Amino acid sequence: MVDLVRRKLVTLARGPAGQLSLPWLFSQQQFVDACTRCNKCVDACETQIIQVGDGGFPHVDLTINECTLCYRCASVCSEPLFKAEPEAPWQADIQLTDRCLALQNIDCRSCADACEPMAIQFKPIIGKVAQPNLQTESCTGCGACISPCPADAINLVLRET
Ligand code: SF4
Ligand code: SF4
Ligand code: SF4
């Protein structure tokens, strides 16, 4: 019989959002097959961004706070679900939507102020407020830019694998 909760979770993790799979997973399918829903990762997360979602499966919500990339969620898990720490936490890209205030010519740089690796920079444009410019090669996927955005204009979107 098709497990609708598991199928929905695979879809969810690939969707746009603050709502993402946990970092460093080998695959979302392996996760929904083997995660025991013990919630040890939920308790271990230092920024409390791991939430319990559909079917009791944990996911990350970057609208709450950033991921410090501390690796605790992976370290406390007793199942073989997570890649080694040196690997990239997510195959994901940061995206700005047209809700961005600066794109609507309203001065705002909250995302750049929150981004330690300076992956969001603002370029002066004649006749407009400074416009955001993503340096995707510098983005760590930490999501620190997401919760300070007053327009809810930033998503971290998983790449299709
Ligand atoms: S790496 Fe750390 S901050 Fe990020 S989800 Fe895991 S426990 Fe939370
Ligand atoms: S914080 Fe949000 S609204 Fe402000 S410039 Fe960045 S993306 Fe645009
Ligand atoms: S996800 Fe992190 S590194 Fe990437 S743009 Fe946002 S704050 Fe900067």
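**Exercise 1. Annotated cysteines**

Which residues does the UniProt annotation "binding site" cover? Then place Cys73 and Cys77 in this predicted model.

*Solution.*
Step 1. Read the record. The unreviewed UniProt entry puts its "binding site" annotation on Cys67, Cys70, Cys73 and Cys77.
Step 2. Look for a link to empty space. From this set, Cys73 and Cys77 belong to the lining of the largest cavity.
Step 3. Locate Cys73. This cysteine sits in helix α4, which spans residues 72-76.
Step 4. Locate Cys77. Its place is the loop between α4 and β4 (92-96).
Step 5. Classify Cys73. Buried means under 20% relative accessible area. Cys73 has 7%, so it is buried.
Step 6. Classify Cys77. Its relative accessibility is 21%, so Cys77 counts as partly exposed.
Step 7. List the contacts of Cys73. Neighbours within four places in sequence are left aside; Cys73 then touches Pro23, Cys41, Ile50 and Phe82.

**Exercise 2. Empty space inside**

Find how many cavities of 30 Å³ or more the structure holds, and describe the largest cavity.

*Solution.*
Step 1. Start with the idea. Rolling a probe the size of a water molecule over the atoms shows where empty space is left.
Step 2. Count. Five cavities reach 30 Å³ or more.
Step 3. Take the volume. The largest cavity fills about 110 Å³.
Step 4. Find its centre. The lining has 16 residues, and Cys35, Cys38, Cys41, Cys77 and Leu81 are the closest to the centre.
Step 5. Sort the lining. It holds 10 nonpolar, three polar and three charged residues.

**Exercise 3. An open pocket**

Describe the second largest pocket by volume and by lining.

*Solution.*
Step 1. Its volume is about 160 Å³.
Step 2. The lining counts 13 residues, with Trp90, Ala92, Cys139, Thr140 and Arg159 nearest the centre.
Step 3. Strand β4 supplies the largest share of this lining, namely three residues.
Step 4. By class, the lining has seven nonpolar, four polar and two charged residues.

**Exercise 4. Two ligand shells**

State which residues surround ligand 2 and ligand 3, and sort each shell by class.

*Solution.*
Step 1. Walk around ligand 2. Its shell includes four cysteines by name: Cys100, Cys108, Cys111 and Cys149. The other residues there are Leu96, Leu101, Ala102, Ser110, Phe122, Pro150 and Ile154.
Step 2. Sort this shell. The shell around ligand 2 has 10 nonpolar residues, one polar and no charged.
Step 3. Walk around ligand 3. Among its surrounding residues are Cys115, Cys139, Cys142 and Cys145. Ile94, Pro117, Ala119, Ile120, Thr140, Gly141, Gly143 and Ala144 surround ligand 3 as well.
Step 4. Sort again. The shell around ligand 3 has nine nonpolar residues, three polar and no charged.
Step 5. Connect back to Exercise 3. Cys139 and Thr140 surround ligand 3, and both are among the residues nearest the centre of the second largest pocket.

**Exercise 5. Positive phi**

Examine Trp24 and Met118: give the phi of each, its loop, and whether it is buried or exposed.

*Solution.*
Step 1. Trp24 is not a glycine, yet its phi is positive, near 65°.
Step 2. Trp24 lies in the loop joining β1 (19-20) and α2 (28-34).
Step 3. Its relative accessibility is 3%, so Trp24 is buried.
Step 4. Met118 is not a glycine either, and its phi is about 55°.
Step 5. The loop of Met118 runs between α5 (110-114) and β5 (120-125).
Step 6. Exposed means over 50% relative accessible area. Met118 has 54%, so it counts as exposed.

Methods:
Residues numbered from 1 in each chain as written. Chains lettered and ligands numbered in written order. Predicted model: local features only at pLDDT ≥ 70, side-chain atom pairs only at ≥ 80, totals over all residues. Heavy atoms only, no water. Near = heavy atom within 4 Å. Nonpolar A, V, L, I, M, F, W, Y, C, P; charged D, E, K, R; others polar. 1 Å grid on protein atoms, 1.4 Å probe; cavity = no way out; pocket = protein on both sides within 12 Å on 5 of 7 lines; lining within 4 Å. Points joined across faces, edges and corners; volume = space filled by probe spheres on them. Helix = DSSP H or I, 4+ residues; strand = E, 2+ residues; numbered from the N terminus. Buried < 20%, exposed > 50% of the residue type's maximum accessible area, 1.4 Å probe, protein only. UniProt positions renumbered as here; feature names shortened; annotations may be inferred. Contact = heavy atoms within 4.5 Å.
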